[in-house]
Amino acid sequence: MFDLLSLAYPWIKALHIVSVISWMAALFYLPRLFVHHVEQAGSAGRMHETFSMMEFKLAQFIMRPAMMATWGFGLALVLTPGIVDWTMIWPWTKGASVVAMTIFHVWLKKQVKSVESGDSTVTGRQFRLLNEVPTLLMIVIVFSVVVKF
């Protein structure tokens with residue numbers, strides 16, 4: 001199995017990068033949709049229905065599969081011999097950041113339902129600030145993997 005992972009390493013790495021880009025795009029876009037939904041569409045009417053549909057489809061059909069692919073290919077990379085040196089700090093900072101990103105993902109998924117039902121207490125300004133969470137985590141992840149401190 002590990003020989004197969006070593007042979008497939010460039011393909012797994014490429015697929016991991018593609019899935020990360022897709023996941024990040026969704027994590028960046030969904031809070032922006034919430035901002036406009038909360039500030040412009042309110043909790044009823046055609047705009048509300050349109051935003052709700054867009055948010056649901058983004059979360060369900062792009063964000064979730066991209067996260068699952070990111071985790072799957074990432075775990076395959078971790079299992080590939082010689083890729084991760086667990087005595088260094090970087091795999092731990094990357095791992096913690098990916099877990100934090102996943103927690104943010106789950107929170108956003110809950111917000112899809114909350115905003116759609118009109119129960120969300122998060123303001124447009126708060127969604128704008130929360131939109132920076134994936135950016136900060138991405139910075140930690142990229143520097144962890146590239147610099148390998």
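Is Lys94 buried, partly exposed or exposed, and what is its relative accessible area? In this predicted model, Lys94 is partly exposed, with a relative accessible area of 21%.

## Annotated binding site

The unreviewed UniProt entry assigns the feature "binding site" to His16 and Lys94. Although these residues span 79 residues in sequence, their C-alpha atoms are no more than 14.1 Å apart, so they gather at one spot. Both His16 and Lys94 belong to the lining of the largest pocket.

## Surroundings of His16 and Lys94

His16 is part of helix H1, which covers residues 2-41. With a relative accessible area of 10%, His16 is buried, because buried means under 20%. Leaving aside residues up to four places away in sequence, His16 is in contact with Thr70, Phe73, Gly74, Leu77 and Lys94.

Lys94 is located in helix H3, formed by residues 90-117. Under the same exclusion of residues up to four places away in sequence, Lys94 touches His16, Ile141, Ser144 and Val145. The two annotated residues are thus listed among each other's contacts.

## Salt bridge

The model contains 1 salt bridge by the rule applied. Glu39 pairs with Arg128, and their closest N and O atoms are 2.7 Å apart. Glu39 lies in helix H1 and Arg128 in helix H4 (residues 124-130), so this pair ties together parts that are 89 residues apart in sequence.

Each partner is partly exposed: Glu39 has a relative accessible area of 38%, and Arg128 has a relative accessibility of 33%.

Conventions
Residues numbered from 1 in each chain as written. Predicted model: local features only at pLDDT ≥ 70, side-chain atom pairs only at ≥ 80, totals over all residues. Heavy atoms only, no water. UniProt positions renumbered as here; feature names shortened; annotations may be inferred. 1 Å grid on protein atoms, 1.4 Å probe; cavity = no way out; pocket = protein on both sides within 12 Å on 5 of 7 lines; lining within 4 Å. Helix = DSSP H or I, 4+ residues; strand = E, 2+ residues; numbered from the N terminus. Buried < 20%, exposed > 50% of the residue type's maximum accessible area, 1.4 Å probe, protein only. Contact = heavy atoms within 4.5 Å. Salt bridge = Lys/Arg side-chain N within 4 Å of Asp/Glu carboxyl O.
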